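Subject: A structure for you to explore

Hi there,

Here is the structure I promised to pass on to you. Please open it beside this email, so that you can look up each part as you read.

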Amino acid sequence: MPDSFGYWRLAVNLLQHGVFSQGVEGTLYPDAVRTPVYPLFILIVKELFFGFYGVIIIQEIISALVAVLTAHLTMLIFANATASIMAGLLVSANFASILFASTLLTCTLFTFLLLLSITCLFLSIKTGKHYYILFAGVLAGLMVLCRPVGALLPLLMGCMFAFMSMKQGFGLRLTSYRLPITKWAIWFTAISYIIVLPWV
């Protein structure tokens, strides 16, 4: 696919020529259209494992982790084992997820970073531990740098958590409100965009 080739060229050119470019040799113009996280992911996995196939294998593992994370997040929010298992199974049987996991596209990594960020936010509410907010913000920033379509998601996620604190979690089973969520929602959003800012 054209997008896949573009991401692959970015990784190869960065490794071989130190230029963030989709071009072929002789036309290596710097490229600001693509964001850096997915090409860097390809570069690191390609070098540490078995080239192209190593990237696909790692993406397949990440895709499986997305199903596990979905089940864990469902359990965290609703405290219902049946709902948790069903959510994980539905995600694992999603044809689009299976297809994109075996393609050089940002979908799998983007979804993983998004779910991991949301999970950290809920863990911060459940446990009252501030460092989960830091992790969530960094992950949300990396998510935006993976796929720019998510640029407004950290803001929406921050607003959602501030609103949840006012509405007592929409009746969800989030019994432990040890954090002043509104303040930490602002911190989360700020950290997310601080991560994105150098690239901008």
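Below is what I found, going helix by helix and then to a few single residues.

One thing to keep in mind from the start: this is a predicted model.

**Helix α3 and the residue after it**

A good place to begin is α3, which covers residues 51-78. This helix has 28 residues, and the distance from its first C-alpha to its last is 41 Å. At 1.5 Å a residue the expected value is 40 Å, so the two are close.

What happens to the backbone just after α3? Ala 79 takes a positive phi there, of about 50°. You may want to look at this one, as the positive value occurs in a residue other than glycine. Ala 79 sits in the loop between α3 and α4 (81-92). Its relative accessible area is 37%, and because buried means under 20% and exposed means over 50%, Ala 79 counts as partly exposed.

**Where α2 meets α3**

Now turn to α2, residues 37-48, which packs against α3. The angle between these two helices is about 115°, and their axes are 8 Å apart. The pair is therefore roughly perpendicular, and the crossing of α2 past α3 is right-handed. On the α2 side, the contact is made by Tyr 38, Phe 41, Ile 42, Val 45 and Lys 46. On the α3 side you will find Gly 51, Gly 54, Val 55, Ile 58, Gln 59 and Ile 62. Sorted by class, the residues of this contact are seven nonpolar, three polar and one charged.

It helps to recall a general point when you look at lists like these. Residues three or four places apart in an α-helix point the same way, because there are 3.6 residues a turn.

Lys 46, which lies in α2, deserves a visit of its own. Which residues does Lys 46 touch, leaving aside its neighbours within four places in sequence? They are Trp 8, Val 12, Leu 15, Gly 51 and Val 55. Take Val 12: Lys 46 and Val 12 are 34 residues apart in sequence, yet their C-alpha atoms are 9.4 Å apart in space.

**Helix α6 and its two partners**

Next comes α6, residues 107-127. With 21 residues at 1.5 Å each, α6 should span 30 Å, and its end C-alpha atoms are indeed 30 Å apart. Is α6 mostly enclosed or mostly open? Of its 21 residues, 16 are buried, so α6 is largely enclosed by the rest of the structure. Just after α6, Gly 128 has a positive phi of about 75°.

One partner of α6 is α3: the axes of these helices come within 9 Å and cross at roughly 30°. That angle makes α3 and α6 roughly parallel, and their crossing is left-handed. From α3, the contact includes Gln 59, Ile 62, Leu 69 and Leu 76. From α6, it includes Thr 108, Phe 112, Leu 115 and Lys 126. By class, this contact has 14 nonpolar, seven polar and one charged residues. Notice that Gln 59 and Ile 62 also belong to the contact of α3 with α2.

Another partner is α7, residues 131-146. Here the axes come within 8 Å and cross at roughly 160°, which makes α6 and α7 roughly antiparallel. This crossing is left-handed. Among the α6 residues that meet α7 are Leu 109, Leu 113, Cys 120 and Thr 127. On the α7 side, the list includes Tyr 132, Phe 135, Leu 139 and Cys 146. The contact of α6 with α7 has 17 nonpolar, three polar and no charged residues.

**Two more residues to click on**

Ile 186 lies in α9, residues 181-196. At 57% relative accessibility, Ile 186 counts as exposed. Ile 186 and Phe 161 are 25 residues apart in sequence, and their C-alpha atoms are 9.6 Å apart.

Leu 99 belongs to α5, residues 95-101. Its relative accessibility is 41%, so Leu 99 counts as partly exposed. The C-alpha atoms of Leu 99 and Phe 52 are separated by 16 Å, with their positions 47 residues apart along the chain counted as a sequence separation.

Enjoy looking around, and write back with any questions.

Best wishes

Key: Residues numbered from 1 in each chain as written. Predicted model: local features only at pLDDT ≥ 70, side-chain atom pairs only at ≥ 80, totals over all residues. Heavy atoms only, no water. Axes fitted to C-alpha atoms, helices over the stretch in contact; angles between N-to-C directions. Helix = DSSP H or I, 4+ residues; strand = E, 2+ residues; numbered from the N terminus. Parallel < 35°, antiparallel > 145°, perpendicular 65-115°, else oblique. Left-handed = near helix turned anticlockwise from the far one by under 90°. Contact = heavy atoms within 4.5 Å. Nonpolar A, V, L, I, M, F, W, Y, C, P; charged D, E, K, R; others polar. Expected span 1.5 Å × (residues − 1). Buried < 20%, exposed > 50% of the residue type's maximum accessible area, 1.4 Å probe, protein only.
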